[in-house]
Amino acid sequence: MLKITVMVSGGGTNLQAIIDGIESGLIEDAEIVKVISSNSKAFSLERAKKHKIDSIVIGKENYPSQKERTKAIIKALGDADTDIVVLAGYMSILEADLIEAYRGRIINIHPSLIPNFCGPGFYGKHVHEAVLKSGVKETGATVHYVDEGVDTGPIILQESVPVLEGDTVEKLAARVLITEHKILCEGIKKVVESMLTYEGGK
Ligand code: GRF
């Protein structure tokens, strides 16, 4: 059974998708052992509590320096015996020490078709604003491994989403979010299966 720690900052609909994906049996051989939130007011924490998942807040409010935050995150991941880290609406950049410690085992969900509309400044609604401004007729979501760059690690899964006439940022964000939830679960399933195959099961 692989242990997943999910890192969040906000409402946690992606966290909820993973919880539902495990409870429905779509994602097998894995469990969420910890939720780390960068924000003590994140609704994600309510979702974790409802599903009896242990959570911890590690953010600027209680660890002012990034070095302290990274140290606390690495400790929390280790204490939970984490196999896979999933960034689900997590709004902070991870430091190199953390990426090194979990290289090839940190995955992120981004609300566009990387390499388009990604990188510094492209998060949340800013992504969809840029998509609408560009006039492209197709966007999407991407699950990828996290490396030292911003949204630059190897791609695991992508799925396109149409941009429709009269789309607002909110309408487009909501349509993309549905695809995020779907491919995040599929992506985690793929990573779990590959890790279990590679490590001969655990
Ligand atoms: C959404 O903008 C999503 O595209 C991105 O994180 C934001 C919030 O996600 N991945 P969540 O509802 O907190 O999971």
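**Note on the predicted model: ligand shell, buried sites and backbone outliers**

1. The side chain of D83 makes a polar contact with the backbone nitrogen of K3, at 2.7 Å. The model is a predicted one. D83 sits in a loop, with α3 (66-79) on one side and β4 (84-87) on the other. Loop or not, D83 counts as buried, because its relative accessibility is 6% and the cut-off for buried is under 20%. When you check this site, look at both partners together: the D83 side chain and the K3 backbone nitrogen.

2. Next, the strand that follows that loop. V86 belongs to strand β4. V86 has a relative accessible area of 0%, so it is buried. Its C-alpha is 9.0 Å from the C-alpha of L15, while 71 residues separate V86 and L15 in sequence.

3. Where does the ligand sit? It occupies the largest pocket. Around the ligand are G10, G11, G12, T13, N14, G89, I109, P111, G124, L177 and E180. By class, this shell holds 3 nonpolar residues, 7 polar ones and 1 charged one. Two helices, α1 (13-23) and α6 (169-198), each contribute at least two residues to the shell.

4. Which residues make polar contacts with oxygen atoms of the ligand? G11 is one of them: a polar backbone atom of G11 is 3.4 Å from a ligand oxygen. G12 also uses its backbone, with an N or O atom 2.8 Å from an oxygen of the ligand. E180 uses its side chain instead, placing a polar atom 2.7 Å from a ligand oxygen. As for cover, the ligand on its own has 360 Å² of accessible area, and the protein covers 84% of that.

5. Now a helix site and a loop site, taken as a pair. A48 is part of helix α2 (residues 44-50). Buried or exposed? A48 counts as buried, because its relative accessibility is 0%. D29 lies in the loop between α1 and β2 (30-37). With a relative accessible area of 42%, D29 is partly exposed; that value falls between the 20% and 50% cut-offs. A48 and D29 are 19 residues apart along the chain, and their C-alpha atoms are 19 Å apart in space.

6. D29 also deserves a look for its backbone. Its phi is positive, about 60 degrees, although D29 is not a glycine. The residue is in a loop, between α1 and β2.

7. F117 raises a similar point for the reviewer. Phi of F117 is near 55 degrees, which is a positive value in a residue other than glycine. F117 is located in the loop between β5 and α5.

8. Which peptide bond is cis? The one from I114 to P115, with omega near 15 degrees. P115 is placed in the loop that runs between β5 (106-110) and α5 (125-134). The loop between β5 and α5 is also where F117 lies, so anyone inspecting the cis bond can check the positive phi of F117 in one pass.

Terms used
Residues are numbered from 1 along each chain as its sequence is written. This is a predicted model: local features need pLDDT of at least 70, side-chain atom pairs count only at pLDDT 80 or more; totals for chains, interfaces and linings use all residues. Side-chain values use heavy atoms; hydrogens and water are left out. Helices (H or I, at least four residues) and strands (E, at least two) are DSSP runs, numbered from the N terminus. Buried means under 20% relative accessible area, exposed over 50%, partly exposed in between (1.4 Å probe, protein chains only). A polar contact is a pair of N or O atoms within 3.5 Å; within protein, one must be able to donate a hydrogen and the other to accept it, and residues adjacent in sequence count only if both atoms are side-chain atoms. A residue is near a molecule or strand if one of its heavy atoms lies within 4 Å of it. Accessible areas come from the Shrake-Rupley method with a 1.4 Å probe; for residues, only the protein chains shown count as cover. On a 1 Å grid over the protein atoms alone, a cavity is a set of points where a 1.4 Å probe fits but cannot get out, and a pocket is an open set with protein on both sides within 12 Å along at least five of seven lines; lining residues have an atom within 4 Å of a point. A molecule sits in a cavity or pocket if more than half of its atoms lie within 2 Å of its grid points. Ala, Val, Leu, Ile, Met, Phe, Trp, Tyr, Cys and Pro count as nonpolar, Asp, Glu, Lys and Arg as charged, and the others, Gly among them, as polar.
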